[in-house]
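I opened my notebook to look through a protein fold step by step. Come along and check each entry against the picture.

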Amino acid sequence: MVRAIYPGSFDPATFGHLDVIRRAAELFDEVIVGVLMNSEKSPLFSVEERVNILKKVTADIPNLKITSFSGLSVNFARSCDAKVIIRGLRAITDFEYELQMAQTNRVLARDVDTMFLTTSLEYAYLSSTTVKEAAYFGADISKFAPEYVVEKVREKFAQKEKSKNTIRRMIMSSRIEQIIEEIEEYVESCKYQPLSTTKIVVNKEELEELLRELRMKTPDEIKRYQKIISNKDAILADAQAKADAIIAETKVQVQEMVKESEVMQQAYAQANETVNTANRQAQDIIDAATNDANNLRLSAISYTDEMMANMGQIMANTLEDAGSKYNEFVRSLQASLDAINRNRSELQPQLGGVAPVQEAAPETEGVSLDDDDLDDFDE
């Protein structure tokens, strides 16, 4: 796999940047776009915002990654295991600077090469500085960058304008401040000298013009601020009093918060202890109730077994006694029948054809309950 990096500030990303990115993605297996993080500059967008913007507008490129880095491009390339650094060229002036950087990088890292991609003619004039300057003065920048980038640039300048208006109302912003801002923006747009993060290449005439105007405006502004300086003691005293009052109030609030925190901690501790105690007591009650229930059940079973055995014995005895009385009754009845039949036999000639009385029921040998009957009764 051949991997390449495309480093830059991308503040903001333009159609020119995207043209180079898409063409590089067609040439290499993987392209990593490195968003430079430079604390020496004050970019329009933060590093995180620039990374997110690039991810949004290049989401359709599958072999592309967006990340941030700081330091030398060759070190970033090595950390990504990349063999090629992609650089875009717009004009001859870019080539002179970029050639010098490429030769320097070659000396620092001979295993990393630089590939120049000339920007398409329709974007040869375009730069991030041009986009920011046009947007700053309210111009239409939709021809310079994707719609998503245009929206983010407008939002950012709207935020900056709102902040500037607030500052102007508070400190009466002057022309000197405007000139200083122009100088800062001009310095930010300048390119660094090779292998330096502090030295830049500037246009001497433009810088001298700004400094000349700054000197001309300074006397008038000094008079304005002298009035403010004359009242500094009163302003400082008032500010100190307000600061002391805020500090005192804050201390009181902190103490109250500490007390409330201690009370809450104690309440939590007591609540946890109460819950644990209740759980233990509930478990003891449940265990005791379970033991009592088991004991009652065993007692009931024993009592039932005993009662059933007694009732079985009583019934066996009752049936045996009833059998004896029944046999005695049958014998008595049989004796009476025998006597009647004897008398009938004696009187037979006189009674004619009268049938004799049938014998009584036979005796029983006694009534008893077997084991199966007792088992059925137990059930």
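My entries below go from the sheet to its pairings and then to the helices.

**Entry 1: the model.** I noted before anything else that this is a predicted model.

**Entry 2: the sheet.** I asked myself in which order the strands of the open sheet lie. I traced five strands and wrote down S3-S2-S1-S4-S5, with parallel pairing. Why is one side of S3 and of S5 left without a neighbour in the sheet? Both stand at the edges and each has a single partner strand, so nothing in the sheet flanks that other side. I also looked up the twist: on average, neighbouring strands are turned by 30° against each other, direction ignored. As a reminder to myself, strands of a sheet pair through backbone hydrogen bonds, either parallel or antiparallel.

**Entry 3: S2 and S3.** I looked at S2 (residues 30-36) and S3 (residues 64-69), which run parallel and are joined by six bridges. I picked out Val31 and found Leu64 in S3 as its bridge partner. Next I checked Ile32, and Lys65 in S3 stands opposite. I then followed helix H2 (residues 47-57), which makes a right-handed β-α-β unit together with S2 and S3.

**Entry 4: S4 and S5.** How many bridges join S4 to S5? I found six between S4 (residues 84-89) and S5 (residues 113-118), and these strands run parallel. For Arg87, the bridge partner in S5 is Phe116. From S4 the chain passes through helix H4 (residues 92-108) to reach S5, and I noted this β-α-β crossover as right-handed.

**Entry 5: helix H1.** I tried a little check on H1 (residues 15-27). Its 13 residues, at 1.5 Å a residue, should span 18 Å, and the end C-alpha atoms are 19 Å apart, which agrees. At the start of H1, I spotted a side-chain oxygen of Thr14 within 3.2 Å of the backbone nitrogen of Gly16. Which residues of H1 are buried? My list reads Gly16, His17, Leu18, Asp19, Val20, Ile21, Ala24 and Ala25.

**Entry 6: back to the pairs.** I returned to Ile32, which stands opposite Lys65 in S3, and looked at how helices lie on the sheet. H1 packs on the sheet and touches S1 (3-8), S2, S3, S4 and S5, with its direction making about 125° with that of S5. H2 also packs on the sheet, where it touches S2 and S3, and its direction makes about 150° with that of S2.

Notes:
Residues numbered from 1 in each chain as written. Predicted model: local features only at pLDDT ≥ 70, side-chain atom pairs only at ≥ 80, totals over all residues. Heavy atoms only, no water. Pairing = 2+ DSSP bridges. Helix = DSSP H or I, 4+ residues; strand = E, 2+ residues; numbered from the N terminus. Right-handed = clockwise from strand over helix to strand, strands pointing away. Expected span 1.5 Å × (residues − 1). Buried < 20%, exposed > 50% of the residue type's maximum accessible area, 1.4 Å probe, protein only. Polar contact = N/O pair within 3.5 Å; in protein donor to acceptor, adjacent residues only side chain to side chain. Axes fitted to C-alpha atoms, helices over the stretch in contact; angles between N-to-C directions. Contact = heavy atoms within 4.5 Å.
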